Amino acid sequence: MNGNDRAGEFGPIYLPALQRIRDLWLELEPLVDETAYDDVVAPTELQISLSDGLGDAENARLDIQWSELGMYSFHYVDSNDVNWRFDRHPNTHSPEIHFHPPSEAATMDAEPSCIDVTEVSLVTRAVHVMWRAAYEDDALDRLNSASNPP
């Protein structure tokens with residue numbers, strides 16, 4: 001996601017949230033290869049590398065931001081250039097909490113998110129549940145299909 005997708009204040013990155021998200025993914029997902037921050041001194045993004053991706057993708061990565069205002073972005077990209085993301089931020093193209101579907105995750109294609117919760121652990125679990133459902137069923141349409149996960 002880029003700043004052009006946001007129409008209002010996102011807020012400063014909240015490192016304790018990124019640390020909690022990292023810990024949860026390490027606990028929940030055996031396909032996590034490694035985790036890293038984009039900058040060790042002043043991180044703005046958590047990167048989670050996966051040893052497999054959706055469909056026939058050989059690997060994938062989640063780029064995650066979480067702000068002090070509770071705004072977030074969970075952006076998935078894989079070795080087949082499939083992109084999707086769950087976001088919460090002010091914008092002019094969709095509800096504040098929204099989903100950008102695969103394969104492009106285009107800004108103007110945003111739709112309401114099935115994730116209604118806003119607490120960091122619950123949002124993280126919900127994104128994981130949706131990713132895992134799509135992964136196990138080999139079905140991208142499972143990504144935004146649940147009723148208020150987790």
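I will start with one residue, W84. Leaving aside residues up to four places away in sequence, W84 touches L54, L62, F74, H75, Y76, F99, H100, P101, P102, A105, W131 and L143. Keep in mind throughout that this is a predicted model.

W84 also belongs to a wider group. The largest nonpolar core has 33 residues, and W84 is among those with the most contacts inside it, along with I21, W25, W66, F74 and F86. Where do the core residues come from? At least two each are supplied by α1 (15-28), β2 (46-50), β3 (60-66), β4 (72-78), β5 (83-88), β6 (97-100) and α2 (120-137). Which of these gives the most? That is α2, with seven residues.

Now the sheet. Seven strands make an open sheet, ordered β1-β2-β3-β4-β5-β6-β7, with antiparallel pairing. At the edges stand β1 (32-37) and β7; each has a single partner strand, so one side of each has no neighbour in the sheet.

I will go through part of the sheet pair by pair. β4 and β5 run antiparallel and are joined by six bridges. One residue to look at here is Y72, whose bridge partner in β5 is R88. R88 also stands opposite I97 in β6. β5 and β6 are antiparallel too, with four bridges between them. From β6 to β7 (111-112) there are two bridges, again antiparallel. In that pair, H98 is opposite P112 of β7.

Stay on β6 for a moment. In a regular strand, side chains alternate between the two faces of the sheet. Here I97 and F99 point one way from β6, while H98 and H100 point the other way. Are these four buried or exposed? All of them are buried.

Next, the helices. α1 lies across β1, β2, β3 and β4, and runs at about 170° to β1. α2 lies across β2, β3, β4 and β5, and runs at about 25° to β4.

α2 has 18 residues and reaches 26 Å from its first C-alpha to its last, close to the 26 Å expected at 1.5 Å a residue. Its N-terminal end is capped by E119, which has a side-chain oxygen 3.0 Å from the backbone nitrogen of S121. The buried residues of α2 are V120, S121, V123, T124, A126, V127, H128, M130, W131, R132, A133 and A134. What covers them? The cover includes α1, β2, β3, β4 and β5. W131, in that buried list, is also one of the residues that W84 touches.

Last, a few points on the backbone. Most residues other than glycine have a negative phi, and most peptide bonds are trans. There are places to look at on both counts.

Take phi. α2 is followed by D138, whose phi is positive, near 50°. D138 is exposed, with a relative accessible area of 55%. D81, in the loop between β4 and β5, has a positive phi near 60°. D81 is exposed as well, at 59% relative accessible area.

Then the peptide bond. Which residues does a cis peptide bond join? They are P102 and S103, with omega at about 5°. S103 lies in the loop between β6 and β7. P102 brings us back to the start, as one of the residues touched by W84.

Technical notes
Residues numbered from 1 in each chain as written. Predicted model: local features only at pLDDT ≥ 70, side-chain atom pairs only at ≥ 80, totals over all residues. Heavy atoms only, no water. Core = buried A, V, L, I, M, F, W, Y, C linked by side-chain atoms within 4.5 Å. Buried < 20%, exposed > 50% of the residue type's maximum accessible area, 1.4 Å probe, protein only. Contact = heavy atoms within 4.5 Å. Expected span 1.5 Å × (residues − 1). Polar contact = N/O pair within 3.5 Å; in protein donor to acceptor, adjacent residues only side chain to side chain. Pairing = 2+ DSSP bridges. Axes fitted to C-alpha atoms, helices over the stretch in contact; angles between N-to-C directions.
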